[in-house]
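Q: Could you take a close look at one part of this structure for me, and then work outward from there? I'd like the details tied together rather than listed.

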Amino acid sequence: MDLLIPSTGLLFWMTIVFLIVLFLLWKFGFPAIVNMVNARKAFIDDSLRKAHEANEKLANIQQMSEALLQEARQKQSQILKEAAQTRDNIVGQAQEKARNESARIIAEAKAEIENEKQNAIRDIRNEVAVLSVQIAEKILREKLSDDKKQMEMIDRMLDEVAVKN
Amino acid sequence: MRKTIIFILALTLHVIVASAAEEGGALDTKGIVLDHIKDSYGWHVTDIGNKSIVIDLPVIIKSSTGWHVFSSGRFAHEADAEGYRQGPDGFAIATRGDNAGKIVELTNGEEVVPFDISITKTVAVMFIDVILLLLCILIPARWYRHHKASDPAPKGFTGLIEMLITYVNDEIIAPAIGKGYEKYSPYLLTCFFFIFVCNLMGLMPFPPGGGNVTGNIAITFFLAMCTFFIVQFSGSKHYWKEIFWPEVPILLKCPAPIIPLIEFVGIFTKPFALMIRLFANMMAGHAIALALMCIIFLMASKGIGMLVGMTSVSILLSVFMMVLECLVCFIQSMVFTMLSATFIGLARTVPEEE
């Protein structure tokens with residue numbers, strides 16, 4: 001068989017065999033594999049994209065939560081400040097009120113005491129007057145118990161009157 | 001370790017070769033090489049002593065007397081005085097003349113070549129290669145039919161095949177053809193894997209490999225013809241216009257169609273180059289491998305010192321060539337696929353609108 005002339009038999013078998021192989025591989029072989037590889041590539045790309053998006057979303061959420069936290073903290077401190085102010089106000093007012101009240105009570109008490117003192121002094125004065133009259137009566141009676149003394153008294157008194165005149 | 005193995009191999013070969021040389025006398029190197037490269041009706045595996053081990057293959061012939069099917073073992077082993085290996089029903093294998101190596105029908109002393117579709121050695125090897133090829137592709141393809149895209153990628157052999165297919169498809173076919181390459185990729189992938197498997201199996205020096213399939217002009221001729229037809233059928237309007245009315249000065253195409261003629265010849269030279277390139281590369285690879293091996297046998301007759309020296313060189317060279325051939329197997333299948341894809345791509349070009 002010559003090297004450079006294609007032999008009929010070989011060509012015949014090659015045609016049959018190659019066409020069968022081509023048909024089988026075209027039908028069942030390569031497209032299945034190639035399509036699957038492409039599908040997998042698409043799937044991987046899609047997954048990557050999704051993961052990227054999810055990451056971005058997560059970052060956004062984190063940022064948002066950070067901001068929220070910050071805001072909450074600010075609000076908290078503001079509320080605390082307000083509360084402290086209110087408390088100080090209330091305490092101040094109460095103190096003021098208490099001071100006024102106590103001052104009033106003290107003044108009233110002072111006035112009462114003064115009143116009572118005046119009353120007591122007046123009472124004592126009356127008593128003292130009555131007592132002194134009674135004492136003077138008693139002393140007079142003692143001194144004028146006999147006639148002689150009475151006479152003497154009258155004499156002295158007359159003397160005194162006389163002297164004066 | 002490797003050196004030791006090579007040395008032992010060399011020594012073993014010396015013994016065998018020395019005895020062979022003593023018995024056979026002069027060595028027909030050309031015959032050995034050509035016998036391997038050319039097709040034959042029986043599959044000669046090896047010789048043990050004086051006994052040849054030959055796998056007989058079916059001979060299928062349609063002659064003037066109808067269809068004949070018989071075993072190639074029925075041909076005589078030795079040629080007779082006229083140079084014919086006589087077989088049954090008046091058939092013989094010619095060993096001389098124009099039809100040397102072919103089955104001829106002898107009628108009245110004249111050779112008539114019948115329609116011969118025998119399962120020759122190359123055909124048998126091709127059958128084996130093709131079955132292997134189908135297994136290599138269809139078994140992994142089965143995996144893909146039973147899995148979803150979201151499953152993890154395959155490992156092992158399936159992964160290897162996937163890698164090869166993806167490489168050829170994405171790196172060779174897609175860039176060469178451009179948009180719409182999907183239509184052509186099964187054919188080109190089939191070409192690639194057919195050539196690749198046949199090349200690799202051709203490296204194996206014993207059955208089931210060993211045949212010279214892709215180094216055979218009929219095979220490469222068929223493949224080139226396939227590419228030729230595909231290129232012509234996918235040719236765009238622009239492609240045909242470029243051939244018959246190219247944009248060159250009018251004198252070059254009007255009175256005498258010089259450029260169109262050149263372009264027209266170009267249609268045929270492209271597939272011709274494809275055919276010859278693959279054929280010559282693969283054939284040369286086989287020829288060199290065999291020639292290097294023959295050095296051992298040739299040197300056996302030149303004395304033991306020469307033998308030891310040359311054998312070591314020859315084995316080293318053979319190992320080197322074998323490794324190189326492994327590379328060539330891949331490169332040649334790749335080149336064939338790439339050039340086919342490029343030719344298809346060129347035929348499908350559409351002029352850029354400005």
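A: In this predicted model, the buried residues of helix 2 of chain B pack against two other helices of chain B, namely helix 3 (121-145) and helix 8 (258-299). Helix 2 itself covers residues 29-37, and its buried residues are B:G31, B:V33, B:H36 and B:I37.

Stepping out from there, let's see how chain B meets chain A. On the chain A side, 33 residues are in contact with 58 residues of chain B. Together the two chains bury about 4,100 Å², with 83% of that area on carbon and sulfur atoms. There's some polar pairing across the interface too: six residue pairs are in polar contact, counting pairs with both residues at pLDDT 80 or more. The side of chain A that touches chain B breaks down into 26 nonpolar, five polar and two charged residues. As for salt bridges, the rule finds two between chain A and chain B. One pairs B:E162 with A:R40, with 2.9 Å from N to O. Side chains of opposite charge can pair when their charged atoms come close.

Widening the search to the whole structure, the salt bridge count over all chains is twelve. Several sit along helix 1 of chain A, so here's a tour. A:E53 and A:R49 form a salt bridge whose closest N and O atoms are 3.2 Å apart. These two residues lie four residues apart in helix 1 of chain A, about one turn of the helix. Their surroundings are partly open: A:E53 is partly exposed at a relative accessible area of 41%, and A:R49 is partly exposed at 45%. The pair also belongs to a wider network of salt bridges that links A:D46, A:R49, A:K50 and A:E53.

Elsewhere in helix 1, A:R104 has a salt-bridge partner on either side of it in the sequence. A:E101 meets A:R104 at 2.7 Å, N to O, while A:R104 and A:E108 meet at 2.9 Å. The spacing fits the helix: A:E101 and A:R104 are about one helical turn apart because three residues separate their positions, and A:R104 and A:E108 are also about one turn apart because they're four residues apart. Each of these three side chains belongs to a partly exposed residue, with relative accessibility of 39% for A:E101, 41% for A:R104 and 47% for A:E108.

To get a feel for the reach of chain A, look at A:A120, which is found in helix 1 (residues 8-143). A:A120 is partly exposed at 36% relative accessible area. Its C-alpha atom is 120 Å from that of A:N38, and the two residues are 82 apart along the chain.

Last, the cysteines. There are zero disulfides over all chains, and two examples from chain B show the spacing involved. B:C136 has its closest cysteine sulfur in B:C198, 11 Å away, so the gap is too far for a bond. For B:C329 the closest cysteine sulfur is in B:C326 at 6.1 Å, which is likewise too far for a bond. B:C329 counts as buried, at 0% relative accessibility.

Note on methods
Residues are numbered from 1 along each chain as its sequence is written. Chains are lettered from A and ligands numbered from 1 in the order in which they are written. This is a predicted model: local features need pLDDT of at least 70, side-chain atom pairs count only at pLDDT 80 or more; totals for chains, interfaces and linings use all residues. Side-chain values use heavy atoms; hydrogens and water are left out. Buried means under 20% relative accessible area, exposed over 50%, partly exposed in between (1.4 Å probe, protein chains only). Contact means heavy atoms within 4.5 Å. Buried area is the accessible area (1.4 Å probe) that two parts lose on being put together, summed over both. A salt bridge is a side-chain nitrogen of Lys or Arg within 4 Å of a carboxyl oxygen of Asp or Glu. A polar contact is a pair of N or O atoms within 3.5 Å; within protein, one must be able to donate a hydrogen and the other to accept it, and residues adjacent in sequence count only if both atoms are side-chain atoms. Ala, Val, Leu, Ile, Met, Phe, Trp, Tyr, Cys and Pro count as nonpolar, Asp, Glu, Lys and Arg as charged, and the others, Gly among them, as polar. A disulfide is a pair of cysteine sulfur atoms within 2.5 Å.
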